[in-house]
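Here are my notes on the model, set out as numbered points. They deal with helix packing, then with single residues, then with how far the coordinates can be trusted.

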Amino acid sequence: MAAYPLSAARSNLPVPTTTASRDGDMSLVNLAARQRMLSQRMVLQTVLATRGSGLHLKAARSSLALFSDSHARLVDTPRHLDAAMGERIRTTYHGATGVGPTIEAFMEQVDRTLELAERQSPRVEEALARLVEITDGALEALNTATTAFDQIGKAKSETLMKELAGIVASIQTVAREAKVVSFNAQVMAARAGQHGREFAVVANVLSGITNEIDGLSLQAVSLAGRNR
């Protein structure tokens, strides 16, 4: 079976540019979750298409094109992940119990049923019955894929929070050192009397900057905690 058996060209309904752009801004887990919704929509639209609704036939083709395009993007994600995360997604789709073949078989069956509906073939009812029969398995496969992307998203978030915590800790260390420098400068300026007045102004400015850094660091720590 081909890795991506369906395409926008095959469905005769290209995915609109606005949809592609919107997908680009969608997180992987949300994209995977949307596939479940699309699969149910496609089944309903296909059922209505087999009853002679040209409007729903066109809508089913559009949904299938979007579903196929999103599937291709999800399957391709290991190229954009680190080795461990990429392997997890590859296993999810192409491992011994991978969900890829199940999802692709579902897409092919939708496509076949719609083709028979277009031709008003007497075999359309048989194709529709087969589609309904495999729908539960397809939903289960899509749920498995969504769970995998959810786990990937959580792992990436945790890694990001750890990196942020490390950066904040470094900033706080620099701020503490700057405070010591500022304090020593103020002491020296005071000893210098009139001659140290300008130096004291600089020291006070440095002290204010370190206080601002402290405030920003606390905000960053609070933000990191809320996003855990």
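1. Helices α5 and α6 are roughly antiparallel to each other. The reason is the angle: their axes cross at roughly 155°, and anything over 145 falls in that class. The two axes come within 9 Å, with α5 covering residues 100-119 and α6 covering residues 124-192. The crossing is left-handed. All of this comes from a predicted model, and the confidence values are taken up in the last points.

2. The contact between these two helices draws on T102, I103, A105, F106, Q109, V110, T113, L116 and A117 from α5. On the α6 side, the residues are V124, A127, L128, R130, L131, I134, T135, G137, A138, A141 and L142. Sorted by class, this contact of α5 with α6 holds 14 nonpolar, five polar and one charged residues.

3. Q109 deserves a separate look, since it belongs to helix α5 and takes part in that contact. Is Q109 buried or exposed? Q109 counts as buried, because its relative accessibility is 13% and the limit for buried is under 20%. Beyond four places in sequence, Q109 touches A127, R130, L131 and I134. These four residues are also listed on the α6 side of the contact.

4. The loop between α5 and α6 contains Q120. Q120 has a phi near 55°, which is a positive value in a residue other than glycine. Q120 is exposed, because its relative accessible area is 71% and exposed begins over 50%.

5. Helix α4 (residues 83-94) also packs against α6: the axes come within 10 Å and cross at roughly 175°. That angle makes α4 roughly antiparallel to α6. M85, R88, I89, T92 and Y93 of α4 meet T144, A145, A148, F149, Q151, I152, A155 and K156 of α6. The class count for this contact of α4 with α6 is eight nonpolar, three polar and two charged residues.

6. F149 sits in helix α6 and counts as buried, because its relative accessibility is 2%. Which residues does F149 touch, not counting those up to four places away in sequence? They are L28, V29, A32, L74, T77, I89 and Y93. Of these, I89 and Y93 belong to the α4 side of the contact with α6. F149 and A33 are 116 residues apart along the chain, yet their C-alpha atoms are separated by 9.3 Å.

7. Helices α3 (residues 54-76) and α4 have axes that come within 9 Å and cross at roughly 130°. What does that angle make the pair? The two helices are oblique to each other, because 130° is neither over 145 nor within 65 to 115. The residues that meet are H71, L74 and V75 in α3 and I89, Y93 and H94 in α4. By class, the contact of α3 with α4 has four nonpolar, two polar and no charged residues.

8. Q35 lies in helix α2, residues 28-50. Q35 is buried, because its relative accessibility is 2%. Outside four places in sequence, its contacts are F67, S70, H71, L74 and L142. Among them, H71 and L74 also appear in the contact of α3 with α4, while L142 appears in the contact of α5 with α6. L74 is likewise touched by F149.

9. For the chain as a whole, the model has seven helices and zero strands, which gives the order α-α-α-α-α-α-α along the sequence. Of its 228 residues, 36% are buried. Among contacts with a separation of 6 or more, 74% join residues 24 or more positions apart.

10. Where is confidence lowest and where is it highest? Helix α1 (residues 17-24) is lowest, with a mean of 47, and α5 is highest, at 97. The protein averages a pLDDT of 81, and 84% of the residues score at least 70.

11. My main caution concerns the start of the chain. Over residues 1-21 the pLDDT stays under 50, although the model has 38 contacts for this stretch beyond four places in sequence. Where pLDDT is low, the predicted coordinates should not be read in detail.

Methods. Residues numbered from 1 in each chain as written. Predicted model: local features only at pLDDT ≥ 70, side-chain atom pairs only at ≥ 80, totals over all residues. Heavy atoms only, no water. Buried < 20%, exposed > 50% of the residue type's maximum accessible area, 1.4 Å probe, protein only. Contact = heavy atoms within 4.5 Å. Axes fitted to C-alpha atoms, helices over the stretch in contact; angles between N-to-C directions. Parallel < 35°, antiparallel > 145°, perpendicular 65-115°, else oblique. Left-handed = near helix turned anticlockwise from the far one by under 90°. Nonpolar A, V, L, I, M, F, W, Y, C, P; charged D, E, K, R; others polar. pLDDT = per-residue confidence, 0-100.
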